[in-house]
Amino acid sequence: MHLGGVLYVYKGEWGLPSIDFDCMRALCLVKFTRCPLQIDTNANPMRSSTGKLPYVQIGNKRFCGYREIKNLLDKEGYPIDGSLEANHKLLSTAYTNWVFTNLHPYYYYFMYGEPNNFDTTRSLYAKRTLFPFNFFYPSSYQREACDILIVMGGFDPRDKLENHEAEYLVANAKKCVNLLSKKLGKKVWFFGNFFSEFDAIVYSYLAVLFQATLPNNPLQNHIKGCRNLVYFINRITKDIFKNEAFNSSKAIRSQSSNDPMLTATERHFVESEKKTKILATVGAVVAMGTFAAWRGIYKQFSNSRPYYNDMEYDDDESLEDDDMD
């Protein structure tokens with residue numbers, strides 16, 4: 001592999017290395033094969049020919065999208081299925097197509113097509129996209145979800161919610177997860193002792209769907225019930241992606257605004273939070289000083305009140321007498 005190669009992906013969330021399925025499986029290609037590519041999570045997706053991350057840059061050349069990245073790694077001597085037997089390579093391809101058929105429409109619907117969920121997803125992608133693209137860029141995923149679901153789901157997410165055939169997607173996804181759990185059994189990898197592209201794809205789907213904090217995600221609890229799949233997800237996340245895993249809430253609490261791991265949006269948030277605290281402190285001091293000064297004046301006024309209370313106002317008494325007359 002050429003020196004200086006960089007893989008650009010979206011930064012993760014929920015303790016995962018990325019929020020995005022394609023970025024996740026590209027990361028798996030690199031980390032599983034130990035390919036010496038640097039990983040960068042601060043990139044402009046508009047620099048990619050696909051308009052999306054991931055992409056690899058080596059010198060002036062860019063390799064955009066998962067398929068180009070995989071072909072590059074295969075050519076450079078880092079094939080993800082390099083250790084598999086010939087029959088397992090064929091099975092890996094067959095299983096991959098089967099998982100794609102059952103999980104891909106579910107993933108795209110509940111990440112980008114479901115109206116309540118897309119508010120969360122839009123925010124995640126917007127935070128990881130440069131201004132001003134962050135205002136409109138996340139909608140490209142929603143448009144892609146519409147195209148995929150019309151073909152693979154049989155409905156258009158832009159229709160009324162009651163016309164969404166989500167139950168069909170959920171049923172197929174649950175059956176797929178059950179069969180994956182049975183296929184994995186107690187093995188480390190799906191084909192025994194060697195990782196494969198199929199492991200990367202299953203992890204990329206299930207890790208996001210299991211960890212994502214979405215308002216509506218029926219498959220999350222179903223995955224939780226398959227303990228071997230949960231162990232599979234957690235093992236890869238902790239052992240292979242321990243340096244790439246990210247959780248914004250923990251990072252914002254524990255890191256300073258100068259930390260290079262923070263995105264521009266998160267750094268701006270931290271700096272704004274600091275400014276708010278400083279202004280709040282100054283405001284509190286001013287308010288306390290004002291109150292103390294007012295308190296002193298009020299005390300002096302209170303001490304002088306008996307003098308005024310003992311004074312007689314002849315004019316007032318005469319006015320009262322005149323009123324009585």
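**Figure 1. Glu244 is buried and pairs with Lys31.** At 19% relative accessibility, Glu244 counts as buried, because the cut-off for that class is under 20%. The model shown here and in every panel is predicted. Glu244 forms a salt bridge with Lys31, and the closest N and O atoms are 3.3 Å apart. Lys31 sits in helix α1, whereas Glu244 sits in the loop between α9 (227–239) and α10 (248–254), so the pair ties together parts that are 213 residues apart in sequence. Lys31 has a relative accessibility of 25% and therefore counts as partly exposed.

**Figure 2. Arg25 and Asp22 pair within helix α1.** The closest N and O atoms of this salt bridge are 3.0 Å apart. Both residues belong to α1 and are three residues apart, which means about one helical turn separates them. An α-helix has 3.6 residues a turn, so residues three or four places apart point the same way. Arg25 is buried, at 16% relative accessible area. Asp22 is partly exposed, at 24%.

**Figure 3. Arg158 and Asp156 form another salt bridge.** Here the closest N and O atoms are 3.0 Å apart. The two partners fall in opposite classes of accessibility: Arg158 is exposed at 61%, while Asp156 is buried at 15%. The count of salt bridges comes to seven.

**Figure 4. Helix α9 and its cover.** The end C-alpha atoms of α9 are 18 Å apart. Its 13 residues should span 18 Å at 1.5 Å a residue, so the two values agree. Buried residues of α9 include the nonpolar Leu229, Val230, Phe232, Ile233 and Ile236. Asn228, Arg235 and Thr237 are buried in this helix as well. The cover over the buried residues of α9 includes α1, α6 (166–184), α7 (197–211) and α8 (219–224).

**Figure 5. Helix α3 bends at Leu103.** The helix runs over residues 86–113 and has 28 residues. From first C-alpha to last, α3 reaches 38 Å, close to the 40 Å expected at 1.5 Å a residue. The bend at Leu103 is about 35°. A proline, Pro105, follows Leu103 within four residues.

**Figure 6. A cis peptide bond joins Phe131 and Pro132.** Omega is about 5° at this bond. Phe131 is placed in the loop between α4 (115–127) and α5 (139–152). Pro132 lies in the loop between α4 and α5 too. Phe131 has a relative accessibility of 64% and therefore counts as exposed.

**Figure 7. Phe131 is part of a nonpolar surface patch.** The patch is formed by Met46, Phe131, Phe135 and Phe136. Together these residues have about 480 Å² of accessible area. For the chain as a whole, the exposed area is about 18,200 Å². Carbon and sulfur atoms supply 54% of that area.

**Figure 8. The peptide bond from Leu53 to Pro54 is cis.** Its omega is near 15°. Pro54 lies in the loop between β2 (38–40) and β3 (55–58).

**Figure 9. Trp14 and Arg34 have positive phi.** Trp14 is not a glycine, yet its phi is about 60°. This residue is found in the loop between β1 (6–8) and α1 (21–33). With a relative accessible area of 13%, Trp14 is buried. Arg34, also not a glycine, has a positive phi of about 60°. Its loop lies between α1 and β2. At 73% relative accessibility, Arg34 counts as exposed.

**Figure 10. The chain around these views.** The protein chain holds twelve helices and four strands. It has 325 residues, and 44% of them count as buried. Among contacts in the chain with a separation of 6 or more, 67% come from residues 24 or more positions apart.

Key:
Residues numbered from 1 in each chain as written. Predicted model: local features only at pLDDT ≥ 70, side-chain atom pairs only at ≥ 80, totals over all residues. Heavy atoms only, no water. Patch = residues over 30% accessible without salt bridge, like charges linked within 9 Å, V, L, I, M, F, W, Y side chains within 5 Å. Areas by Shrake-Rupley, 256 points an atom, 1.4 Å probe, with all protein chains shown as cover. Salt bridge = Lys/Arg side-chain N within 4 Å of Asp/Glu carboxyl O. Helix = DSSP H or I, 4+ residues; strand = E, 2+ residues; numbered from the N terminus. Buried < 20%, exposed > 50% of the residue type's maximum accessible area, 1.4 Å probe, protein only. Contact = heavy atoms within 4.5 Å. Expected span 1.5 Å × (residues − 1). Bend = angle between axes of the 7 residues up to and from the residue.
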